[in-house]
Amino acid sequence: MTASTTLEGDGAEAALLEGFESTIAHNDRIEPRDWMPEGYRKTLVRQIAQHAHSEIIGMQPEGNWITRAPSLRRKAILLAKVQDEAGHGLYLYSACETLGTSRGELTEKLISGAQKYSSIFNYPTLSYADVGTIGWLVDGAAICNQVPLCRTSFGPYGRAMIRICKEESFHQRQGYELLMTMMRGTDEQRAMVQESVDRFWWPALMMFGPPDAESPNTAQSMAWGIKRNTNDDLRQRFVDMSVPQAEALGVTLPDPELKWNEERQAHDFGQPDWDEFMAVVRGNGPCNAQRIAHRRAAHEDGAWVREAALAFAARSHDTTTSQEATR
Ligand SMILES: [Fe+2]
Ligand SMILES: [Fe+2]
């Protein structure tokens with residue numbers, strides 16, 4: 001390659017980068033056919049994949065209670081909720097496919113442990129109150145994280161988030177309504193709710209990721225318009241939203257440092273156990289091995305469906321081709 005063609009190549013790349021940066025600066029969307037820097041593509045694939053895996057693995061803790069729901073009504077609600085999460089996973093895998101990474105590849109990376117999912121789903125569900133607490137706190141934290149992502153710079157991701165957020169608000173309401181019903185019940189039911197909130201509060205705060213000072217990728221993700229708020233901002237928003245809801249329910253949030261700060265017009269609160277968070281992220285949470293083993297078994301049990309679908313598609317293709325040949 002001569003010096004002049006290299007220069008031309010560099011010039012073309014610089015022009016593409018300029019176009020990309022101006023799209024970001026105008027808050028317009030980057031679409032799959034647009035040129036994008038490799039780092040942007042990789043960051044998106046990692047983030048969307050982690051999000052998709054969280055939706056799919058997140059079906060397990062609640063799916064655990066479908067056969068033991070206390071009434072037909074609760075069972076119908078829970079079934080619908082868990083099915084919604086499957087749908088969220090599929091929208092997100094599809095968004096990732098527009099970046100050139102197939103769902104098959106992503107599933108392999110999930111079950112081999114190469115890609116992560118939200119640490120919250122590595123905690124067990126020990127009582128039916130957990131179904132309510134997950135809806136209230138876990139879907140509530142997901143909403144805080146995801147509403148700003150409706151404005152994320154990558155088009156297919158932002159559009160998937162708009163649909164997903166509508167369903168997440170339904171999930172949060174159903175969880176809250178379940179807890180409210182239990183709080184109006186017996187002392188034993190109220191104790192079940194409190195015990196469940198005690199277990200899920202801190203892991204819910206961890207869902208926003210490590211503190212900003214220890215989140216090295218945040219600045220670049222914000223510059224690219226992928227993330228719109230920092231982890232600590234979103235965590236604060238979640239705490240401020242949850243405190244009045246806990247009061248209305250009549251439960252105590254298990255944080256002695258939690259109190260209103262008049263000056264900041266926000267709540268002060270304690271820090272989650274970040275060592276526990278890191279241990280869960282590294283695979284040593286209470287249910288990591290079980291969640292992955294379950295997902296792997298479901299994937300392997302479904303191999304015949306994928307083979308049959310491929311064989312059917314191939315045969316349909318052959319039939320079409322031979323019909324065309326005889327025409
Ligand atoms: Fe979801
Ligand atoms: Fe949800």
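A residue is called buried when its relative accessible area is under 20%, exposed when over 50%, and partly exposed in between, with a 1.4 Å probe and protein chains only. By that criterion both Asp 139 and His 171 are buried. The model is predicted: local features need pLDDT of at least 70, side-chain atom pairs count only at pLDDT 80 or more, and totals for chains, interfaces and linings use all residues. Residues are numbered from 1 along each chain as its sequence is written, chains are lettered from A and ligands numbered from 1 in the order in which they are written, and side-chain values use heavy atoms, with hydrogens and water left out.

Asp 139 and His 171 belong to a metal site. Donors are N, O and S atoms within 2.8 Å of the metal (3.2 Å for Na, K and Ca); water is not among the atoms, so sites may look incomplete. The iron ion (ligand 2) has as protein donors Glu 85 (OE), Asp 139 (OD), Glu 168 (OE) and His 171 (ND1), lying 1.9 to 2.2 Å from it. Along the chain these donors follow the spacing E-x53-D-x28-E-x2-H. The pair Asp 139 and His 171 links distant parts of the chain, Asp 139 being in helix 6 (residues 129-146) and His 171 in helix 7 (residues 155-183), 32 residues apart. Helices (H or I, at least four residues) and strands (E, at least two) are DSSP runs, numbered from the N terminus.

Around the iron ion (ligand 2) the four donor atoms subtend angles of 88 to 157°, which makes the arrangement irregular. Four donors count as tetrahedral if all angles lie between 85 and 135 degrees; four count as square planar and six as octahedral if opposite donors are over 155 degrees apart and all others between 65 and 115; anything else is irregular.

Glu 85 bridges this ion and the iron ion (ligand 1), the two lying 3.3 Å apart. For the iron ion (ligand 1), the protein donors are Glu 55 (OE), Glu 85 (OE), His 88 (ND1) and Glu 168 (OE), at 2.0 to 2.2 Å. Here the angles subtended by the four donor atoms run from 86 to 138°, and the arrangement is therefore irregular. The pair Glu 55 and His 88 links distant parts of the chain, with Glu 55 in helix 2 (residues 38-57) and His 88 in helix 4, 33 residues apart. Glu 55 counts as buried because its relative accessibility is 6%, and His 88 counts as buried at 0%.

Aromatic contacts form a further topic. Rings of Phe, Tyr and Trp (its six-membered ring) pair if their centres lie within 6.5 Å; planes under 30 degrees apart count as stacked, over 60 as edge-to-face and the rest as tilted. The structure holds eight such aromatic pairs. One of them, Trp 201 with Phe 238, is stacked, at 5.7 Å centre to centre and 20° between the planes. Trp 201 lies in helix 8 (residues 187-206) and Phe 238 in helix 10 (residues 231-249), so the pair ties together parts that are 37 residues apart in sequence. Both Trp 201 and Phe 238 are buried. Trp 274 and Phe 277 form an edge-to-face pair, 5.3 Å centre to centre with 90° between the planes. These two residues are separated by about one helical turn, because Trp 274 and Phe 277 are three residues apart in helix 11 (residues 274-284). Ring pairs also link Phe 20, Trp 35, Tyr 40 and Trp 224 into a cluster.
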